[in-house]
Amino acid sequence: MNRRQFFKLCASSAATSAISALGLMSEKAYAAVREFKLISAKETRNNCCYCSVGCGLLMYSKGSNGKNTEQSIFHIEGDADHPVNRGALCPKGAGLVDYVNSPNRLKYPEYRAPGSNEWTRISWSEAYKRIARLMKDDRDANLIEKNSAGTTVNRWLSTGMMTSSAMPNEGGYITQKFARALGLVAIDTIARN
Amino acid sequence: MSHTVEIPMVPGSESPLELKPLKAAEPQAVYHRRAQRLLSLAKDSPLADYFELCRRLVVIQARLAGEADFGQLLAWGKDEAIPLSQLGSEAESYWQGLLQQLLSELLPQVDDSIARVVRLLMQQSPEQLTLWGRALRQGHVSEVPARFSLFIWAAMGVYWSHWAPMVIKRMDQAKVEQQSMCPVCGCHPVASVIVDEPRAGLRYLHCSLCESEWHYIRAHCTSCGQDKEMTIWSLDDAQAQVRIESCDECHGYTKMLFVEKSPSMDVAADDLATLMLDSELNAKGFGATTVNPLLMAHETAQEQ
């Protein structure tokens, strides 16, 4: 049977419809009964990144893909089609849109000196240098190279690592490689917070 | 305590949240709700006369759905993907019988100009009606005189919606795929409905002919299937109960009715009541990819 898979109605569809053919078309059919504003939103499917369950989300954002318009997410809901959460979200997930748009969101590295209550902005290279320096110093001071039986163990127990919960297999593999190579034992994901 | 024979062999039942690919309609209930909805929407509509005509038509559909003789369903495709797409000449004469009943009941309820159309349609030969019916079911709406298509479709709808629930019971739901046309009869959807059962937020497409609903994943184009660039349109409120989902790739669109927010809505009636939203989208170069049984608008020329 030759059905129309690519089927589209004429613009001003009512003009070609039974309404006008039966003489019941009104000039006011399209007239605005009130003032209105046409709103458009981009619809995107994604996953919640805040725990390892990985719930499905539908996100709605304002702003087109134009150069001068910034897209902003204004609504997030659970994805009913998703096999894991079936449309439901936990309280953390239900508040996602406020996380995304939070004015307190961390966008650059900041430093608070011991005893101070002031955060100061620092550059990424400063931050990386400082993290590397402190890690190296701590590791040099506390690395356990051999156990009591004299076997090489290379354990670094004085530092732990918190990693992402919503990683693919490859991300998890690289995280393990990095952390274990340093001798880290305490590794956990943010799935538990 | 229950008797041992009452305890099922396989413990537990499937989750009530389990996705159902197909939902059978209760045609009489659908028509009753549609008639009520048309009545309440007519009050504020610039097309009040047309709404009233549709309401009378739908009331007759409801009566026929409950009382008419539908014979037996002989030539349906038990093992085919779309079991109610080719039904043979038997079905043609049954729906044409329904058409005559429908028209003769409507005749005394309409004014002279529409009565003339009704009488003219009653005089058409079965061969002609068969051709028109087939053209409409294949989506060639423009091949049928627009003044007849509303009534022809209404009669066919009563016939197909009567058999669809029985056929759905015998279909293997596991084999139903995501598709833009009705898996039962092969016709176009009226619109998307966002339901609250089996779980809130699922989208079903509502068939324009047999009133069955089939699941279709959200945020995908219901016509071409892509999911990269989908846009939602609404008037005033981004969370409005009627929205349009348009596709930047094929420039088609489908209306979405959030029935979970407003359970009294009916796909056909509420689509008809929101033509203004259509005209906004048409002005932006988008075209509807749906068929409304109460509108029967023409399709654009066949795209290659």
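Visitor: Which domains does the domain assignment of chain B give?

Guide: This is a predicted model. In chain B, the assignment gives domain 1, covering 22–175, and domain 2, covering 189–288.

Visitor: How far apart do the C-alpha centres of domain 1 and domain 2 of chain B lie?

Guide: The two C-alpha centres of these chain B domains are 23 Å apart.

Visitor: And how many residues does the contact take from each domain of chain B?

Guide: Domain 1 of chain B contributes 20 residues to the contact, and domain 2 of chain B contributes 14 residues.

Visitor: Which elements supply at least two residues each on the domain 1 side?

Guide: In chain B, these are strand S1 (22–23), helix H1 (27–42) and helix H6 (146–170). The largest share of that side comes from H1(B), with seven residues.

Visitor: What is that side of domain 1 of chain B like by class?

Guide: The side of domain 1 of chain B that touches domain 2 of chain B has twelve nonpolar residues, three polar residues and five charged residues.

Visitor: Let us turn to chain A. Is strand S2 of chain A largely enclosed or exposed?

Guide: Strand S2 (residues 56–62) of chain A is largely enclosed by the rest of the structure, because five of its seven residues are buried. A residue is called buried here if 20 or more other C-beta atoms lie within 10 Å of its own.

Visitor: Which strands pair with S2(A)?

Guide: Strand S1 (residues 38–47) of chain A pairs with S2(A) in the antiparallel sense over six bridges. Strand S3 (residues 72–78) of chain A also runs antiparallel to S2(A), and six bridges join them.

Visitor: What holds paired strands together in general?

Guide: Strands of a sheet pair through backbone hydrogen bonds, in either a parallel or an antiparallel sense.

Visitor: Which residues are the bridge partners of Glu43(A) and Ser61(A)?

Guide: Glu43(A) has Tyr60(A) in S2(A) as its bridge partner. For Ser61(A), the bridge partner is Ile73(A) in S3(A).

Visitor: Now for S6, S7 and S8 of chain A: what is the order of their sheet?

Guide: They form an open sheet of three strands in the order S6-S7-S8 (chain A), with mixed pairing. The edge strands of chain A are S6 (144–146) and S8 (184–189), each of which pairs on one side only. From one strand to the next, the twist averages 25°.

Visitor: How many bridges pair S6(A) with S7 of chain A?

Guide: Two bridges pair S6(A) with strand S7 (residues 152–163) of chain A, in the antiparallel sense. Here Lys146(A) stands opposite Thr152(A) in S7(A).

Visitor: Which helix packs on that sheet?

Guide: Helix H5 (residues 169–182) of chain A packs on the sheet and touches S7 and S8 of chain A. The direction of helix H5 of chain A makes about 150° with that of S8(A).

Key
Residues numbered from 1 in each chain as written. Chains lettered and ligands numbered in written order. Predicted model: local features only at pLDDT ≥ 70, side-chain atom pairs only at ≥ 80, totals over all residues. Domains from an automatic or database assignment. Contact = placed C-beta atoms within 7 Å. Helix = DSSP H or I, 4+ residues; strand = E, 2+ residues; numbered from the N terminus. Nonpolar A, V, L, I, M, F, W, Y, C, P; charged D, E, K, R; others polar. Buried ≥ 20, exposed ≤ 12 C-beta atoms within 10 Å, placed from the backbone. Pairing = 2+ DSSP bridges. Axes fitted to C-alpha atoms, helices over the stretch in contact; angles between N-to-C directions.
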